[in-house]
Amino acid sequence: MGPGRRMKKQGPPATLEELGINLKRKSNVDGPKEPAKRRRKAADHGPKKLVELDRTLRNEQLPRSKEGVSSGKDKKNKKLVNRDAQITVPPALLAPSDEEQEEEDDIDAADISLDEISSSQLEDDELAQADLDQEVSDDSVFDSDPDEQPRRMFSDDEDDSDAEAQLTAANIEGLSRKLDQQQAEVEAEAQQELEDAALQTNIAKDEGVLDSVAAQGLAPDLALIRNRMTETIRVLGNFSELADKTKSRTEYIDQLLSDICTYYGYTPYLAEKLFSLFTPAEAFAFFEANETPRPVVLRTNTLRTNRRSLAQALINRGVVLEPVGKWSKVGLQVFEAPVPLGATPEYLAGDYILQAASSFLPVMALAPQPNERILDMAAAPGGKTTYISALMRNTGVVFANDANKQRAKGLIGNIHRLHCKNTIVCNYDAQKAFPKILGGFDRVLLDAPCSGTGVIGKDPSVKTSKNERDFLALPHMQKQLLLAAIDSTDHSSKTGGYIVYSTCSVTVEENEAVVQYVLRKRPNVKIVDTGLGSFGSEGFKSYMNKKFDDKMSLTRRYFPHRENVDGFFVCKLKKTGPMPKNPGHLDGAKTADSTTSAVNGEKGSALGLEEGAKPGDDFGGFDDEEDKHILERAEKKWLKARGLDPRVADRKKAAGAKGKEGKKVNGGGKKKTSGDKTKS
Ligand SMILES: C[S@@+](CC[C@H](N)C(=O)[O-])C[C@H]1O[C@@H](n2cnc3c(N)ncnc32)[C@H](O)[C@@H]1O
């Protein structure tokens, strides 16, 4: 993170109003609309932090700030309060919380069951449900409950340390200065946008302009498209009253999808897939959130240090940071860093790792215990492996596997840097290797390879690179890997018997549908609570007329626009009994590639098709013939998109197959001869 770049606090995102959608008023007809960007920017930066400080000091609940940019009077008050904060509330005087006291006690922490921590503490902390319920985040270090003393930022046994007080105050000062600067920038930008807005026409005129622009083949005016999107969403929110009677709902949705593709740059296929997960208004918020990366977060390596000491060291280097939220005891969110965070002495010494906040969650759900035997099936570059190792206090053993040799090297690097000594790195295709080579694990983490639709903010290439083929091939592989994970788990483990499945994708095909599939294949597993409390949303219990297991609500989904973290899915399974006689994935693994064998039409046990499972059920079984056609079609499209002639590829394939056949025939001929001889 470079100087001058500020990140939004981890917590609930801007409201739809802040995103420029008002379901009640038709603002762009009644008068010039306040530019959405202005509201968003303002919501991203200043007011929230100021509100938190204000609440801490006055020990009272503020009214919600509807507008991102508050009135001048408000701003003045907030700034005053902000400055007062530095004077009147020396952080060293604030009382330590029990939680953070606990964090510092490493040995005790190791003794505590993480299941207990996650289920009781996280819930006690009221996690993000409270965050989601109120616009004012209460996970701030400067926040306090009305009945409680204000809390310190990094509490522990050194309450009276002057040095710490100064450091923390310096941090607040840094934050405050940046907020003032930010506010000034937002105001200037808002002024500019108001001037621009005055030039804008209403939506009816916009449509005419957009049509003529399209007709002339010119680049579309994105501001006008944005206006049309917000207007369409408004209409869809109250269709019976607001819709043009000559237009159907489908027409509105088609228009909106087309605008989303133009405005944000998605392929129609992916735009529709993602759009179908939400209401139109929420889909807009999701696409908006994907336009910016999530906050930079680092995880304290508790094998080396504790969060307070690390924070102090980084504050000394001018880094502005604060704890990521109540749900984590090791995460620090970075607001401002004048030094490269991947090259500080603390980084090189292994005191922390830069890690997306959402990727803490699968490990917290896994809740590894000291002295266990754990498998991390797809481990590179090792963010989760090293967290597992830290939670186990370097006891027991973690097998960190990754099929990609190059990535496995990065994994080894991180393991060394972070001083993990209980880890063995292996480089297998997990579909084939487990449990054949190794099994009987107390816990298995499958952080599966996926389409990455949850991390578009970080990798916008996903918008155009993922096609129909990916959304067939990936779930297929994920199902096989998850079956392997289950079969590698020891159901009779005294401390475990758990499997955690996670992806950084938000599509149902890669998440609930995969879990549903393995539930059918393995009656010896059930979905259990992740222990992540109410942070995140429940997994889908149904989707597009497909019904999933009732317990799917115990799985957790995370979204950039809801929790301000990367999109993620976490499911925890408990293995309740031994492996069934004919585990599907193992038979499939006997062939060179179980996915290929499945696509080539080997049904039955190779696919692990359960009796009664209907082939062609996207959310449980496979229809290999259909898959084959779809894969072929998608491949042709893919080749065409790259300017290649699919017919040439077809001819090459046919020639290859002929060659192979020829060899087979020759080889087979020899065998046949000998066979014939024997026969005769
Ligand atoms: C989402 S990434 C894992 C990230 C990792 N868990 C972390 O936290 O740093 C998925 C990984 O799966 C690996 N992978 C893909 N197919 C695999 C397979 N068949 N067996 C094992 N690993 C595989 C990829 O190389 C990739 O590193």
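The exercises below work through backbone geometry, a recorded site, one helix and a ligand shell in a predicted model.

Residues are numbered from 1 along each chain as its sequence is written. Because the model is predicted, local features need pLDDT of at least 70 and side-chain atom pairs count only at pLDDT 80 or more, while totals for chains, interfaces and linings use all residues.

**Exercise 1. Backbone geometry**

Find where P381 and P435 lie, and describe the peptide bonds that lead into them.

Solution. Start from the background that most residues other than glycine have a negative phi, and most peptide bonds are trans. The bond from A380 to P381 is cis, with omega near 5°, and P381 sits in the loop between β5 (373-376) and α19 (383-391); here helices (H or I, at least four residues) and strands (E, at least two) are DSSP runs, numbered from the N terminus. The bond joining F434 and P435 is likewise cis, with omega about 5°, and P435 belongs to the loop between α21 (430-433) and β8 (443-447).

Next, decide whether R393 and N394 are buried, partly exposed or exposed, and give their phi values.

Solution. A residue is buried if 20 or more other C-beta atoms, placed from the backbone, lie within 10 Å of its own C-beta, exposed if 12 or fewer do, and partly exposed in between. R393, in the loop between α19 and β6 (397-401), has a positive phi near 55° and is partly exposed, because 17 other C-beta atoms lie within 10 Å. N394 is placed in the loop between α19 and β6, has a positive phi of about 65°, and counts as partly exposed because it has 16 C-beta neighbours inside 10 Å.

**Exercise 2. Recorded positions**

Which residues does A379 touch, and which does G383 touch?

Solution. An unreviewed UniProt entry places the feature "binding site" at positions including A379 and G383; such annotations may be inferred rather than shown by experiment. Contact requires C-beta atoms, placed from the backbone, within 7 Å, and residues up to four places away in sequence are not counted. A379, in the loop between β5 and α19, is buried because it has 28 C-beta neighbours inside 10 Å, and it touches K384, T385, A400, N401, D402 and L411. G383 is part of helix α19, is buried with 22 other C-beta atoms within 10 Å, and touches I353, Q355 and S359.

**Exercise 3. Helix α20**

Compare the span of α20 with its expected value, then locate its buried residues around the axis.

Solution. Helix α20 (405-417) has 13 residues and reaches 19 Å from its first C-alpha to its last, close to the 18 Å expected, where the expectation is 1.5 Å times one less than the number of residues. Its buried residues are A408, L411, N414 and I415. They cover an arc of only 115°, taken over the directions from the helix axis to the C-beta atoms, which puts them on the same side of α20. The elements covering these buried residues include β4 (352-354), α19, β6 and β7 (423-426). Just after α20, H419 takes a positive phi of about 60°.

**Exercise 4. The ligand shell**

How many residues surround the ligand, and how do they divide by class?

Solution. A residue belongs to the shell if its C-beta atom, placed from the backbone, lies within 6 Å of the ligand. By this rule 19 residues surround the ligand, the closest being A378, A403, N404, A430 and D447. The elements giving two or more residues to this shell are α19 and α21. By class, the shell has eight nonpolar, six polar and five charged residues, with Ala, Val, Leu, Ile, Met, Phe, Trp, Tyr, Cys and Pro counted as nonpolar, Asp, Glu, Lys and Arg as charged, and the others, Gly among them, as polar.

Definitions and conventions. Two residues are in contact if their C-beta atoms, placed from the backbone, lie within 7 Å.
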